[in-house]
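Visitor: I have a model open and would like a guided look at it. Could you take me through a few spots?

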Amino acid sequence: MARTGRTYTRHFQLETRQHELLGVDLGEGAPRRALILGLILFAAWDGLLLLVLGLPSRFTFTLYVAPPALAVGFGAQHSRSLDRRWNLTRWAITLRYLLLGHRPIICGGRRAAHRSEWLGRRARWGSRLDLLLRSPLGGLVERWLGPEDRIPSASGVPLRLDARPRLYGPDAVGKAYGRKALHN
């Protein structure tokens, strides 16, 4: 029987490192996952800027290099709030939550959440909303947020119960069940 080991702490998490790159000694080495992430971000960012701005000049070179370098430098660090995640993962999850929303998982995914169970944009943005509305782009943000989220419930109109307590004796209970009440 084969045993499978799992690592639950970072103390024993071993990451591969690149100690030499194109003949340049990197000392203790850079984590390979961070290098791959940097390669992907640089290719995507620089490809987009090449299409929009053309070849970099002396003035735009920083625009080509700095954003992906900062994203990799700070994003590849371990998050302080959740030790197992990188900052870049936490940023992506937060951005997705703010822009696309939250779809609750009900009973482990056995049923899809109804539209009334989703969190609206105004609820997701919370305390940041006031700051955005006061900014110069407040009108655009207001239009993007749309009206207040007043989505009707999937179960319909709420029911009103008109409960009136009544006390029934054994005679009434016996009649309700179609039996004769026992008299002693």
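Guide: Happy to; we will look at one loop residue and then at a pair of helices in this predicted model.

Visitor: Let's start with Ser 79: is it buried or exposed?

Guide: Ser 79 sits in the loop between α2 (61-75) and α3 (87-99). Its relative accessible area is 2%. Buried means under 20%, so Ser 79 counts as buried.

Visitor: Which residues have side chains joined to the side chain of Ser 79 by a polar contact?

Guide: One polar contact, of 3.0 Å, joins the side chains of Ser 79 and Ser 81. Another, of 3.1 Å, links the side chain of Ser 79 to that of Arg 90. Arg 90 is also among the residues that Ser 79 touches beyond four places away in sequence, along with Arg 85, Trp 86 and Asn 87. The polar partners you asked for are Ser 81 and Arg 90.

Visitor: Now the helices: are α1 and α2 roughly parallel or roughly antiparallel?

Guide: Helix α1 (residues 32-53) packs with α2 at an angle of about 150 degrees, their axes 9 Å apart. Angles over 145 degrees count as roughly antiparallel, so α1 is, relative to α2, roughly antiparallel.

Visitor: And how many nonpolar residues does the contact of α1 with α2 have?

Guide: From α1, the contact includes Leu 37, Phe 42 and Trp 45, and from α2 it includes Tyr 64, Pro 67 and Val 72. Gly 38 and Asp 46 of α1 take part as well. By class, the contact has one polar and one charged residue, and the nonpolar residues number 16.

Note on methods. Residues numbered from 1 in each chain as written. Predicted model: local features only at pLDDT ≥ 70, side-chain atom pairs only at ≥ 80, totals over all residues. Heavy atoms only, no water. Helix = DSSP H or I, 4+ residues; strand = E, 2+ residues; numbered from the N terminus. Buried < 20%, exposed > 50% of the residue type's maximum accessible area, 1.4 Å probe, protein only. Polar contact = N/O pair within 3.5 Å; in protein donor to acceptor, adjacent residues only side chain to side chain. Contact = heavy atoms within 4.5 Å. Axes fitted to C-alpha atoms, helices over the stretch in contact; angles between N-to-C directions. Parallel < 35°, antiparallel > 145°, perpendicular 65-115°, else oblique. Nonpolar A, V, L, I, M, F, W, Y, C, P; charged D, E, K, R; others polar.
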